[in-house]
Amino acid sequence: MIAVEQWTGEEGLLLRSVKRQSVRDFADDLGISPRTVSHWKEDPTRECRPHMAQILDAALARCTPEEQEAFRVRLAALRGDPVTAAGAEAAQPAPCAVVSYKFLPVYLGDRLGSLYAVGAPRPSGPGGLEQRVLPGEHRTAHASTMHIFACGIALALVEEHQHVGSLTELALWRYRSYLTDRAWAGQRMTQLLEQHSGGFPVAPSPDPEYVLSVYELRDHSWTRTGIDPALQLLTTPSVLVNRQDPQNIRPLGAGVEHTKFQDGWAHPEAVAFDGGASKGVAGWSGVSYHPQPDERALTTSQIIALELDVQALWALSSHILRMIEEGQDPVMPPAYGWRFLRGAYVRLSACVTSSFRR
């Protein structure tokens with residue numbers, strides 16, 4: 001059990017960061033005023049009164065083992081104390097094996113009609129979006145498919161298996177491959193449109209504007225302490241590399257990843273989810289997941305099905321927003337107007353809530 005000899009505002013704020021709660025939620029959890037937490041920010045070195053120290057002791061005792069371990073490691077770093085072997089041994093970079101799934105969507109509108117007609121039927125995902133599938137034919141990927149959505153979105157899905165010595169190495173591969181993968185996706189979409197245009201010339205398909213990644217973490221040597229920062233770094237690998245020049249992605253330094261592990265780093269906007277033994281993290285640029293063999297666990301295939309619909313809707317919404325920003329009135333087929341978007345949003349929201357509880 002962790003013991004804090006003297007609680008100050010600094011330790012109180014550290015506990016809040018470990019629990020990843022807002023000021024109001026943290027205050028409600030402790031049964032105190034949000035103003036008290038705000039005062040800690042203004043004077044972090046001020047010692048807490050005995051009654052407040054007891055409240056914080058109780059809150060720390062209610063934390064999960066993972067939260068308590070993260071608090072212990074961060075508290076040692078805050079005080080400049082050496083981290084004991086239990087934390088240091090696990091929380092450090094290590095080799096791992098991951099399966100990478102890249103999602104590359106682009107809006108093509110009614111140009112996709114001929115592709116949808118010849119695509120292989122595929123069951124609708126959690127968002128209820130009608131889609132069909134064509135071969136991706138990526139030359140180096142483990143598998144690739146082109147998903148053609150009836151609402152006008154073409155989405156390339158690329159599955160690749162990677163064995164790396166560190167997460168920095170994986171981050172370099174990830175960002176360096178984005179330019180070539182986006183170009184491949186645009187070329188493949190153009191090729192498919194030409195094949196099924198009935199001999200009529202077609203305009204080149206634009207390259208997808210962004211790539212979202214889903215990582216399934218498989219083989220690794222991390223224990224409970226190291227798995228959380230590993231999943232966080234998989235979700236947000238941009239903190240490990242310099243991306244100012246997309247043509248020359250470089251590592252920030254060998255010590256950066258080690259420091260992130262030692263500090264138990266977590267992105268403030270990333271959302272962690274778990275279902276017991278399985279763990280995952282969802283962020284703006286990616287999702288990481290470490291499933292455990294259990295018939296009750298959320299499967300990676302379920303996450304893939306969810307992200308296919310999410311990214312298709314994101315691309316469709318982005319297209320509509322771009323038209324509005326350019327001063328155009330969006331004109332969509334009646335079947336895919338605002339009622340379609342609202343219905344899909346409701347279904348996806350319900351699916352995300354129920355899935356992340358598993």
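Colleague: At what angle do H8 and helix H9 (residues 224-235) pack, and how far apart are their axes?

Modeller: Two packed helices are described by the angle between their axes and the distance between the axes. Here H8 and helix H9 (residues 224-235) pack at about 15°, with axes 10 Å apart, and that makes H8 roughly parallel to H9. Angles under 35 degrees count as roughly parallel, over 145 as roughly antiparallel, 65 to 115 as roughly perpendicular and the rest as oblique. The axes are lines fitted to C-alpha atoms, for helices over the stretch in contact, and the angle between N-to-C directions runs from 0 to 180 degrees. Before we go on, this is a predicted model, where local features need pLDDT of at least 70 and side-chain atom pairs count only at pLDDT 80 or more, while totals for chains, interfaces and linings use all residues. Residues are numbered from 1 along each chain as its sequence is written, and side-chain values use heavy atoms, leaving out hydrogens and water.

Colleague: Which way does H8 pass H9, and which residues meet?

Modeller: The crossing of H8 past H9 is right-handed. A crossing is left-handed if the near helix is turned anticlockwise from the far one by less than a right angle, and right-handed if clockwise. From H8, Leu 167, Leu 170 and Arg 174 meet Ala 230, Leu 233, Leu 234 and Thr 235 of H9, where contact means heavy atoms within 4.5 Å.

Colleague: Let me step back to the whole chain. How many helices and strands are there?

Modeller: The chain has twelve helices and eleven strands. These are DSSP runs numbered from the N terminus: helices are H or I with at least four residues, strands are E with at least two. The C-alpha trace spans about 80 × 45 × 45 Å along its principal axes. Of the 358 residues, 48% are buried, meaning under 20% relative accessible area, with exposed over 50% and partly exposed in between (1.4 Å probe, protein chains only). Among contacts with a separation of 6 or more, 68% come from residues 24 or more positions apart.

Colleague: Now the N-terminal helices, please. At what angle does helix H1 (residues 9-19) pack against helix H5 (residues 65-79)?

Modeller: Helix H1 (residues 9-19) and helix H5 (residues 65-79) pack at about 140°, their axes 10 Å apart. That makes H1 oblique to H5. H1 passes H5 in a right-handed crossing. Residues making the contact include Leu 14, Leu 15 and Val 18 of H1 and Ala 70, Phe 71, Leu 75 and Leu 78 of H5.

Colleague: And is the crossing of H1 and H3 left-handed or right-handed?

Modeller: For H1 and H3 the crossing is left-handed. Their axes cross at roughly 115° and come within 8 Å. Gly 9, Gly 12, Leu 13 and Arg 16 in H1 meet Val 37, Trp 40 and Lys 41 in H3. Ser 38 also belongs to helix H3 (residues 34-42). Ser 38 is partly exposed, with a relative accessible area of 30%.

Colleague: How many aromatic pairs are there?

Modeller: Rings of Phe, Tyr and Trp (its six-membered ring) pair if their centres lie within 6.5 Å; planes under 30 degrees apart count as stacked, over 60 as edge-to-face and the rest as tilted. By this rule there are five aromatic pairs. Tyr 175 and Tyr 178 form an edge-to-face pair, 5.5 Å centre to centre with 75° between the planes. They are three residues apart in helix H8 (residues 167-195), so about one helical turn separates them. Tyr 175 and Tyr 178 are buried.

Trp 284 and Trp 314 also pair edge-to-face, at 6.2 Å centre to centre and 65° between the planes. Trp 284 lies in the loop between strand S10 (279-282) and strand S11 (286-290) and Trp 314 in helix H11 (residues 300-325), so the pair ties together parts 30 residues apart in sequence. Trp 284 counts as exposed at 65% relative accessibility, and Trp 314 as partly exposed at 48%.

Colleague: Over which ring does the charged end of Lys 102 sit?

Modeller: A charge sits over a ring if NZ of Lys or CZ of Arg is within 6 Å of the ring centre and within 35 degrees of the ring normal. The charged end of Lys 102 sits over the ring of Trp 173, 4.3 Å from its centre.

Colleague: Where is Glu 137 found, and what is its phi?

Modeller: Glu 137 is in the loop between strand S3 (131-135) and strand S4 (143-149). Its phi is near 55°, a positive value in a residue other than glycine. At 54% relative accessibility, Glu 137 counts as exposed.
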